[in-house]
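Dear colleague,

Please find below the structure that I am handing over to you, together with its sequence. My findings follow directly after it.

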Amino acid sequence: MSVATVLQRCRDEGRAALVGYLPVGFPTVPGSIEAMRALVESGADIVEIGVPYSDPVMDGPVIQDAAVRALAGGVRVRDAFTAARAVVDSGAAALVMTYWNPVLHHGVESFAAELAAAGGAGLITPDLIPDEASEWIAAARRHDLDTVFLVAPSSTPERLATVAKACRGFVYATAVMGVTGARATVGEAAEDLVARTRAVTDLPVCVGLGVSTGDQAAELSRFADGVIVGSALVRCLGSAPSEAEGLTRLRTLATELADGVRRGRA
Amino acid sequence: MTHAPPGRFGGFGGRYVPEALVPALEQLDEERRKAVVDPEFVGELERLHQTYTGRPSIITEVPRFAQHCGGARVVLKREDLNHTGSHKINNVLGQALLTKRMGKTRVIAETGAGQHGVATATAAALLGLECVVYMGRKDTERQALNVARMRLLGAEVVAVEHGSQTLKDAVNEAFRDWVANVATTHYVLGTVTGPHPFPEMVRDFHRIIGVEARQQVLDLIGRLPDVVCACVGGGSNAMGIFHRFIDDAGVRLVGLEAGGSGIASGKHAARFSTGEPGVLHGAYTYVLQDEDGQTIESHSVSAGLDYPSVGPEHAYLRETGRAEYRPVTDDEAMAAFALLSRTEGILPAIESAHALAGAMQLGRELGPDAVILVNLSGRGDKDVHTAARWFGLLETPGSQPALGHQDPSGTGGSR
Ligand SMILES: Cc1ncc(COP(=O)(O)O)c(C=O)c1O
């Protein structure tokens, strides 16, 4: 099922969607799945399931460290399918966020088939641009999966149009030039980028990179269809003295963010 | 007939990067195409080659070394004599001039052994650019002298603490910096890999090696060589010397990869022996990877060859059969290192010693009628510490250990 349905429901409720990122396998595979369920229970509409990768060039230190620990713990690519099933069963939509080589190595067609079978909605691909994605897009269309590509503040109008055309589900607008990681402000570049993206597409536009507080979520939800939060959630799990405490912190933050996306347009 | 799309060598290459970098790559591609037909740019690069780098680099025939190569004639292309000690300067000067053309004021680079970092710091000093070099924490420790060299040249050296803390992680960190600072910053990538247009552009800046060497061998010997040997890390010195010979069907092109402790040991950087096609650092090419597509760490006594991936054009040359690739073990490379030093008075870089070991194999296979051209990509000054430890020359002052005897610890200095 496409995330478009979820985004439409949020729109009907007069609010932005909350999209939460967590890497599978961190702190452990069962621990990460439990964290994803907690995220959904606390108000996330869509869970972005990260596939830990050895060379994550779009990620800052928090997600890099989580990936290193997940890989050291033996996480496998196929664990993302298990996580997708768990997320869907707990009532949210599941998108898998992965660098390209794990998909390529798995086999693009079989990855798409297995993800669809697990109930996953599609893929977010941070290092795959539409120009290189014809095989993936074809497989995704065959299996009715979303293809979410990224746009950046540096994107030209031509690139925005090219990328938006290849997207299904939503367009992922990165709020700042840079890698993942919480930032004090996520201001103006995001609003400008969303406006420029809307000029070339009718698809929903979700904003991510740097968001860590309910107030930031509220600010972004004034103009975005969804607010994407990653590092701040991962840090809840990574910095806590115990897994139980990590889940408590995660629930607290997710609840604050869910409140943020609800009061932004109030 | 089907044409490969731009940035592809057959099926290899491409542009696997965050969207944020696409405008910068498009700008770079456009600028470098304009630059190479702009007499001002071409003239300035030529002037720097002649008055700064010391081009053309000479060739040297090495008959005493050749006695160990089945009696074949062996000719070295002396990139080791370039300013900063290796071929790396050819590419760096070209990219630094492009940086100025694009109106950018800051360059970043990755480095493993430190040679590319030193070359970039040098060009930045020469052209008045701010310079940051990313280097894996482990490499900053094993190449401490090159860290000091870069700092003396005014560059900031950042030790990368993430992942395996080696070259591949330095590349990751350079990409992260670039995404955040692309408006003011050019990433001076150090070899023929990465997203389009890097593989093509870096090759073109090194192509002068083969252009000079082909004519020099013709002048010296009266015919083309039978074989051209070059070591292959990312593959820039090899593409540089190979490219002018690609249409010379009678000339064998042989790339030598780091065989480390041997293929069977699993500790090597022989991408063409055990790697599979995949994507790393922006290009579709051969990659050392596990069954989930996670990059496997490489191993080599030579920091400059210690990289889990290889330039996509090499993957294409291998697939089409135009070039062949062989692994050379640490032991074989160090034996060739010692041999060239003792027979010819030339200390090669350990990277280049892999190419010399290849020439020893090929000479023995082809016999005395063969002519072998070897790209001596760099000098061994940076490797004296590693070699001294490898051969046990530091332990007992006054005694004279025989070269060819391996350090009993077997660790070398650079792993
Ligand atoms: C002297 C020398 N040769 C070769 C290499 C390997 O790089 P490439 O394969 O790009 O020539 C290096 C890299 O540091 C080097 O310093």
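Which residues are the closest to the ligand, and how many surround it? In this predicted model, the ligand is surrounded by 18 residues, and the closest are Thr191(B), Gly233(B), Gly235(B), Ser236(B) and Ser377(B). Sorted by class, this shell comprises 12 polar, four nonpolar and two charged residues.

Three side chains of chain B deserve mention for their polar atoms. In Ser236(B), a side-chain N or O atom lies 2.6 Å from an oxygen atom of the ligand. Lys88(B) places a polar side-chain atom 3.2 Å from an oxygen atom of the ligand. For Ser377(B), the partner is a nitrogen atom of the ligand, at 2.7 Å from an N or O atom of the side chain. The ligand taken alone exposes 390 Å², and 97% of that is buried by the protein. As to its location, the ligand occupies the largest cavity.

I also examined the contact between the two chains. Chain A contributes 36 residues to this contact and chain B contributes 33 residues. Between chain A and chain B, about 2900 Å² is buried, with 51% of this area coming from carbon and sulfur atoms. On the side of chain A, Val57(A), His105(A) and Glu132(A) provide 20% of the area that chain A buries against chain B, more than any other three residues.

Yours sincerely

How values were computed
Residues numbered from 1 in each chain as written. Chains lettered and ligands numbered in written order. Predicted model: local features only at pLDDT ≥ 70, side-chain atom pairs only at ≥ 80, totals over all residues. Heavy atoms only, no water. Near = heavy atom within 4 Å. Polar contact = N/O pair within 3.5 Å; in protein donor to acceptor, adjacent residues only side chain to side chain. Areas by Shrake-Rupley, 256 points an atom, 1.4 Å probe, with all protein chains shown as cover. 1 Å grid on protein atoms, 1.4 Å probe; cavity = no way out; pocket = protein on both sides within 12 Å on 5 of 7 lines; lining within 4 Å. Sits in = over half its atoms within 2 Å of the grid points. Nonpolar A, V, L, I, M, F, W, Y, C, P; charged D, E, K, R; others polar. Contact = heavy atoms within 4.5 Å. Buried area = accessible area lost by both parts, 1.4 Å probe.
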